[in-house]
Amino acid sequence: MNICDSEILLSILAAKGFNQIDRMEDADVIILNCCSVREIGHERTFSRLEQIAEKGLQSRTIVICGCFATQLDKTLFDRYPFVDIIIGPDQYRSLPDLISDKKSHFVLNRDCLDEMYADISPLRTIEDKTTAAITIMKGCNQYCSYCIEPYTRGKEHSRDMKSILHECRNIADQGYRELTFVGHIIDRYAYGFADLLERTSVLCPELRIKFLSSHPVTFSDDILHVMKRHDNIMHVVHLPVQSGSNSVLRRMHRGYTVEQYRERYKIVKHEIPDISIVTDIMVGFCNETEEDFQQTLSLIRELRFDDINIFRFSMRNGTAASRQFRDDVPESVKDERYKAIIEARDAIKEAAYKADIGRTIPVIVEGRWPADRSFLFGRDHRLRTILFKSEDNLPINADAQVLINEVTPSVLIGSVV
């Protein structure tokens, strides 16, 4: 979502005569677009501000924006007096004038909470050349006790479907091969997410379509049926479970039980047997016992998720958890549990990947693999990363048929046939 916001921000500035450049040292304006979901986002923001000071760039116009900005006030200027502007993600239209007027120590982050920038075409200079993303809704009404998003981005608000479809067609016309719809709980798109998926798949048959994130309660049969009907909708869903313990789920205010999640999982797998279900696991949430954690491990081994995003709990000020609970799981225990989940995830993934050795899989070429440029890489219809070699110099966005001959817990490896 921050990438999408950055693309919008660049478009707004370009329309007012600003040019994006590559080197911070050459800039007149330096903008930090900062995330508030996890503590590491805050730490990176302050680290970048320290870098700016170390490089002697304090005379530039320094802007902090993003959802983190909605948690800041003028007290930040006491610590970093060279920061000029703090601006929230719903006020970006004002930024060019604030910069041009040479505003200093100015905070603008609370006036509007439903800006979707539907009339602004992103420049798409940050995204890669294969996948383009569209934020179709922002905010959240779930109020999970650990999550800051409802407070930084407000209640759920959705973009007009007509403007979304227009942008989808524009993305296809620009030569992208894949489209990602983005929303905090995307199934709750106000004008019908199943309908949006259906219309997009028909309007843009040349695009692969995926979306994130879904919620176990709202990922509906209607959405599943649309995915089954249209081959260009990728067989992957991000369906976070967070914990395998009902007591932890209650404290998290997730709105479902382990039993309900398990039933939803089985329905999804029954309807689309080859679908990749990617989940999130949070370790070390308030009062998480060893028994709670073992229940989570047990659920992972039972359901054998196709991939898992793993997070150590970090308390966010202003959340329900910060008012109701203590962050009482030691960091050393969080680390142990984090490593145990990684070990379980990697073993499951590697075993699943081995079943594809000897198979030929269609892949869209995305470029050279950064860690070893002798390999090309791309992803398949289930969002799995595939490395491969080819005698031909295949261009980005070309189609390739890759014979899988080895695997690791993170990638499948093969050669073009």
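This passage describes the strand pairing, nonpolar cores and cysteines of a predicted model. Local features require pLDDT of at least 70 and side-chain atom pairs count only at pLDDT 80 or more, whereas totals for chains, interfaces and linings use all residues. Residues are numbered from 1 along each chain as its sequence is written, and side-chain values use heavy atoms, with hydrogens and water left out.

Four strands form an open sheet in the order S1-S2-S3-S4, with parallel pairing; strands (E, at least two residues) and helices (H or I, at least four) are DSSP runs, numbered from the N terminus, and two strands pair if DSSP finds at least two bridges between them. Strand S1 (29-33) and strand S4 (106-108) are the edge strands, each pairing on one side only. S1 is joined to strand S2 (residues 61-65) by five bridges, and Val29 has Thr61 as its bridge partner in S2.

The largest nonpolar core (buried Ala, Val, Leu, Ile, Met, Phe, Trp, Tyr and Cys residues joined through side-chain atoms within 4.5 Å; buried means under 20% relative accessible area, with a 1.4 Å probe and protein chains only) holds 66 residues. Ile136, Phe181, Phe193, Leu197, Phe211 and Phe285 touch the most other members. Helix H6 (residues 161-173) gives the most to this core, with six residues. Apart from it lies another core of 18 residues, among them Leu49, Ile52, Leu72 and Phe77.

No disulfides (pairs of cysteine sulfur atoms within 2.5 Å) are found in the whole structure. The cysteine sulfur closest to that of Cys34 belongs to Cys65, at 6.5 Å, too far for a bond. Cys34 is buried at 5% relative accessibility, and Cys65 is buried at 0%.

How values were computed: Buried means under 20% relative accessible area, exposed over 50%, partly exposed in between (1.4 Å probe, protein chains only).
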